[in-house]
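This report concerns the strand arrangement and the cysteines of one protein model. The sequence and structure are shown first.

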Amino acid sequence: MQLVGRLTPPATQADRLAALLHAQRHLHALGITAWQDALVGEFLGMDDPSDAYLAAARDGSLTARVVGALWWDRERGAEQIPELVERRARLSHGRFSASSVKLMLDGVAETGTAALLDPYLDKCGCATANRGTSFIDPKQLPAYVAELDALGFQCHFHALGDRAVRDALDAVEAARAANGPSDTRPHLAHLQVAHPDDVERFARLGAVANIQPLWAAHEPQMDELTIPFLGPERALWQYPFASLLRSGARLAAGSDWPVSSPDPLQGIHVAVNRVEPGAMARCSCRASDSTSRRRSRRTRRVRRTRTIWTTPGASRQGRWRIWWSWTATRSPLRRRRSARRG
């Protein structure tokens with residue numbers, strides 16, 4: 001990505017605005033009327049889209065409602081919080097609200113950078129010394145989150161491994177203890193691996209499970225790059241959507257587009273069937289789906305899954321119809337499971 005990016009001409013503010021409006025037309029065509037941009041700031045050479053959002057909000061061309069998650073600089077600490085407060089005040093206008101902060105806690109499982117409670121396995125199934133990477137010090141995280149929460153920010157965590165999920169929930173719990181109950185609705189995004197002991201904590205703490213259902217498809221990449229290095233027990237902890245729903249957690253569906261498709265129907269398909277769109281037609285078990293009991297069960301799953309895209313409770317503003325996680329200016333060339341996925 002950097003090899004190409006450093007040779008391309010820098011984008012202008014007009015370029016960023018045109019890209020935003022082009023993307024907005026595409027999302028509207030899919031029925032998406034509101035989203036959260038999960039990375040508003042500069043990161044790995046990507047442009048900060050905030051000037052485009054502010055311009056579109058001011059001239060009325062932003063016709064969606066958008067919450068922007070301001071990027072937390074992982075190389076700094078609490079000294080950046082006053083700057084985030086200033087950016088929130090300066091950027092929030094009309095349909096755009098810079099009321100969230102993005103804290104990227106870990107990486108991805110395929111590269112061994114998702115933070116795990118227990119070590120990754122090697123190709124022989126033996127434990128290694130690698131437990132993944134924590135990009136933000138877990139000992140400092142509760143204090144950061146408590147201060148952000150007290151200032152009315154929603155914290156949006158990239159938490160993919162079970163240790164990152166637990167660190168995020170511990171930080172939310174510390175914020176609740178320090179500040180009392182609030183409606184800041186912190187989001188834990190991705191949740192590829194969640195320890196069963198932590199599932200019930202989402203509802204109790206008022207934390208939202210921000211899920212990307214397309215990533216839950218059982219496909220060769222998962223068989224080759226994830227399951228062997230997690231082992232059979234943790235492989236069953238991946239993407240626990242139904243367990244979260246049964247526990248009373250609030251779910252919000254997202255895409256991380258353009259890392260993966262923003263089409264809600266594709267996400268609903270994978271959430272229900274756990275196979276990629278189109279795979280059902282090739283499945284040898286297709287005939288068994290003709291039974292009325294199987295159809296009834298699948299219909300109930302579709303109805304439950306549909307609500308996580310359309311429930312007003314998923315957003316900070318209850319009037320919103322659809323909640324969607326997306327970053328406007330990321331290159332569409334980025335692979336879905338990139339080690340730099342945010």
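The following paragraphs treat the central strand pairings, the crossovers and then the cysteines.

The model is predicted. Strand β2 covers residues 65–71, and 6 of its 7 residues are buried, so β2 is largely enclosed by the rest of the structure. Strand β2 pairs with strand β1 (residues 34–40) and with strand β3 (residues 96–104). The table sets out the two pairings.

| Strand pair | Bridges | Direction |
|---|---|---|
| β1 (residues 34–40) and β2 | 5 bridges | parallel |
| β2 and β3 (residues 96–104) | 5 bridges | parallel |

Individual residues mark each pairing. Val66 in β2 stands opposite Trp35, while Trp71 has Lys102 in β3 as its bridge partner. In a regular strand, side chains point alternately to one face of the sheet and the other.

Each pairing also belongs to a crossover unit. Strand β1, helix α3 (residues 50–59) and strand β2 form a right-handed β-α-β unit. Strand β2, helix α4 (residues 81–91) and strand β3 likewise form a right-handed β-α-β unit. Strand β2 thus appears in the unit with α3 and in the unit with α4.

Turning to the cysteines, the structure contains 0 disulfides. Why does Cys126 form no such bond? The closest cysteine sulfur, in Cys124, lies 5.8 Å from the sulfur of Cys126, which is too far for a bond, because a disulfide requires two cysteine sulfur atoms within 2.5 Å. Cys126 is partly exposed, with a relative accessible area of 42%. Cys155, by contrast, counts as buried, at 4% relative accessibility, because the cut-off for buried is under 20%.

Methods:
Residues numbered from 1 in each chain as written. Predicted model: local features only at pLDDT ≥ 70, side-chain atom pairs only at ≥ 80, totals over all residues. Heavy atoms only, no water. Buried < 20%, exposed > 50% of the residue type's maximum accessible area, 1.4 Å probe, protein only. Helix = DSSP H or I, 4+ residues; strand = E, 2+ residues; numbered from the N terminus. Pairing = 2+ DSSP bridges. Right-handed = clockwise from strand over helix to strand, strands pointing away.
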